Amino acid sequence: MSRPTTNVCLIGHKFMGRTHSNAYLKVNKFFPELGLVPRMHTIVGRNEAELKHFAEEWGWAKTSTDWRKAIGDPEVAVVDIGTPNNMHREMAIAALEAGKHVACEKPLAQNLAEAKQMLEAARKARGCKTFVWYNYRRVPAVALAHQLARAGKIGRVYHIRAYYLQDWAGPSVPLIWRFSKEVSGSGAHGDLGAHVIDMARFITGDEFVEVSGAISETFVKEREIPSQGSGGGIASGAASAKGTMGKVTVDDATLFLARMKSGAIASVESTRFATGYQNRNGLEIHGDKGAIRFDFEDMNRLHFYDATAERKVQGWTQIMVTHGGDHPYAANWWPDAHVLGYEHSFINQVADMMSVLSGQPPVVPLPDFEDAYKTQLVLEAATMSAEQRRPVPIAELE
Ligand SMILES: NC(=O)c1ccc[n+]([C@@H]2O[C@H](COP(=O)([O-])OP(=O)(O)OC[C@H]3O[C@@H](n4cnc5c(N)ncnc54)[C@H](O)[C@@H]3O)[C@@H](O)[C@H]2O)c1
């Protein structure tokens, strides 16, 4: 039986372009229960030849090098923004004004002022849903951590220890857009820190109320300008380039401390210089009833400590989160321990977006612009704390 469809226009066809395209392609096959399925209507980019090739490989019906025209197409219902951060605001606001649902990559914006404008546009665009690609929420272990915390298994939270550690940005990596404040807004902070701030909020249901003790560092101050402009990124291998040097204008690493509304305290670390860790997106939460820890490099496991068990049997349990009957999203995939990967988080997110668009609840909450704005408040407070060397209450920014 054919199911109702919704036309998607995706802007950007590199790293996130591939993950999102893959998600639209697969979701129909693995989530047969969905009442609405995406149709890959238009793919947008800047290079005509690359676009045509991409559209053929991934199954997009149309291509466009004019994003305004593409999102104005009356056939398009959902605009998906997979471009660098400097384009999020303009594209999202234009799409909302055109009456489209918007799925925007993270961080929501380059800074809080831009995020606020996006939030206001979303509030005005009644009938339009917004989504932000904080896809790690839909890694089954992270979704399970959220469910356990909501079921009271961690109890009152004392500590949140969040870290997102990568090591790809050595001095031979050229000056790609991720090192330019003009294009990305910030470096490791907005790129990686945003994810773990979102995950901490998502799992605990708590909100940050004050940021203090932030420090940011740029270890490599200058990099070679790539011969073909600052395009590309970790997706394109960030190959070394010959040419003149340009200034790095973002942080390579940012660390900060925080207080939560509940009284819990948190530490957040994000860096592109953690030699030995390529994508260690991790979180540890300690409460009076239990604790959890997660590390994306071992993403099919959630570690859980039940402090309510008899003391003689207390210890860390490693939960393989692939049991269809018990674990979020697992029933749509493979038998137990036939493990999942990075791409599944995006497919799970598209499934939940389709559920919401067809009036059904998502498996776990999806971040919209309201929600992502709260993460942006924390990012901004940490930037201010680092620059001004002082604690910054979130209320000061609201
Ligand atoms: N959710 C995640 O896990 C995750 C991972 C990586 C990146 N991201 C986010 O995704 C976004 C894109 O990152 P990426 O790694 O895919 O970058 P990328 O450099 O690999 O791709 C960017 C794409 O945007 C296109 N583009 C740029 N400016 C454009 C314009 N004016 N008009 C049309 N197309 C334009 C480029 O042509 C390219 O196709 C960023 O916001 C980044 O923070 C999210």
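1. Are the residues on the two faces of strand E4 (residues 78-81) buried or exposed? Val-78 and Asp-80 on one side are buried, as are Val-79 and Ile-81 on the other. Buried means 20 or more other C-beta atoms within 10 Å of a residue's own, with C-beta atoms placed from the backbone. Strands (E, at least two residues) and helices (H or I, at least four) are DSSP runs numbered from the N terminus. In a regular strand, side chains alternate between the two sheet faces.

2. This is a predicted model: local features need pLDDT of at least 70, side-chain atom pairs count only at pLDDT 80 or more, and totals for chains, interfaces and linings use all residues. Numbering starts from 1 along each chain as its sequence is written.

3. E4 pairs in the parallel sense with strand E1 (residues 5-11) over four bridges; pairing requires at least two DSSP bridges. Val-8 sits opposite Val-78. Strand E5 (residues 101-104) also runs parallel to E4, joined by four bridges. There, Cys-104 is the bridge partner of Ile-81.

4. E4, helix H4 (residues 88-97) and E5 form a right-handed β-α-β unit. Right-handed means that, with the strands pointing away from the viewer, the path from the first strand over the helix to the second runs clockwise.

5. The domain assignment, automatic or from a database, gives domain 1 (5-132) and domain 2 (138-388). Their C-alpha centres lie 22 Å apart. The contact takes 37 residues from domain 1 and 38 from domain 2, counting C-beta atoms, placed from the backbone, within 7 Å. On the domain 1 side, helix H1 supplies the largest share, nine residues.

Notes:
Buried ≥ 20, exposed ≤ 12 C-beta atoms within 10 Å, placed from the backbone. Contact = placed C-beta atoms within 7 Å.
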